[in-house]
Amino acid sequence: IGNLHRPLHAFPKPLMAAVNGVAVGMGVTMLPHFDIVYASTEATFATPFVRLGIVVEYASSYTLPRLLGRQRAAEMALRGTPIDAQTAYEWGLVNRLFSPSDLLEETLKVAAEIAENGPNALAKTKHLFYHGLEHTLADSIQEEDRVLSTVYGSPEHMAAVQNFFLKKMQQKAEA
């Protein structure tokens, strides 16, 4: 389980999580490994490791301070008490909040929207974000330039540009 983040990071498709209830321990520490996290307004998030005499796990000593800020991550981990959905949203643990009854529908709607994009561009963008977390600004720019040179003018790129202009022309014709 300690290496579960590796296949999540290597998975070429965007990974989305929807939390509708109580997330505890690994249920919280694995969230930073997802690309998008939505939650219901009634969700709670707890990392009670210290209350159990153990420490954080699943790379959360790396991911949570980067995602929440060091002091917020410390408060969450050192207190070991739950935070509510609004706090998780304000701290950046989740992207958006929905009512419990709308959470799944809204998550699937966004997933469908993302799925309309080219799979190669999605995979490479995801790669660039993980690369950027572990490298300098200069290295990240160099990697972006390298990856961009492999996708610019590709069949996926050309089809997406063509579809963009076709939609614009259809919108003008309908107006």
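Good morning, colleagues. I begin with one pair of residues: methionine 16 has isoleucine 36, in strand E3, as its bridge partner. Please bear in mind throughout that the model before you is predicted.

That pair leads to the strands themselves. Strand E3 covers residues 36-40, and E1 pairs with it in the parallel sense over 4 bridges. Both strands belong to an open sheet of 3 strands, arranged in the order E1-E3-E6 with parallel pairing. Which strands lie at the edges? They are E1, residues 16-19, and E6, residues 96-98, each of which pairs on one side only. From one strand to the next, the twist averages 25°.

A helix accompanies this sheet. Helix H6, spanning residues 103-115, packs on the sheet and touches E1, E3 and E6. The direction of H6 makes about 170° with that of E1.

I turn now to a pair of helices. Helix H3 comprises residues 60-68 and helix H4 residues 70-79; their axes come within 6 Å and cross at roughly 125°. Why is H3 described as oblique to H4? The reason is the crossing angle of roughly 125°, because angles over 145 count as roughly antiparallel and those from 65 to 115 as roughly perpendicular, with oblique covering the rest. The crossing of H3 and H4 is, moreover, right-handed.

Which residues make this contact? On the H3 side they are Leu64, Pro65 and Leu68, and H4 contributes Arg70, Arg72, Ala73 and Met76. By character, the residues in the contact of H3 with H4 comprise 5 nonpolar and 2 charged, with no polar ones.

Thank you for your attention.

Key: Residues numbered from 1 in each chain as written. Predicted model: local features only at pLDDT ≥ 70, side-chain atom pairs only at ≥ 80, totals over all residues. Heavy atoms only, no water. Axes fitted to C-alpha atoms, helices over the stretch in contact; angles between N-to-C directions. Helix = DSSP H or I, 4+ residues; strand = E, 2+ residues; numbered from the N terminus. Left-handed = near helix turned anticlockwise from the far one by under 90°. Contact = heavy atoms within 4.5 Å. Nonpolar A, V, L, I, M, F, W, Y, C, P; charged D, E, K, R; others polar. Pairing = 2+ DSSP bridges.
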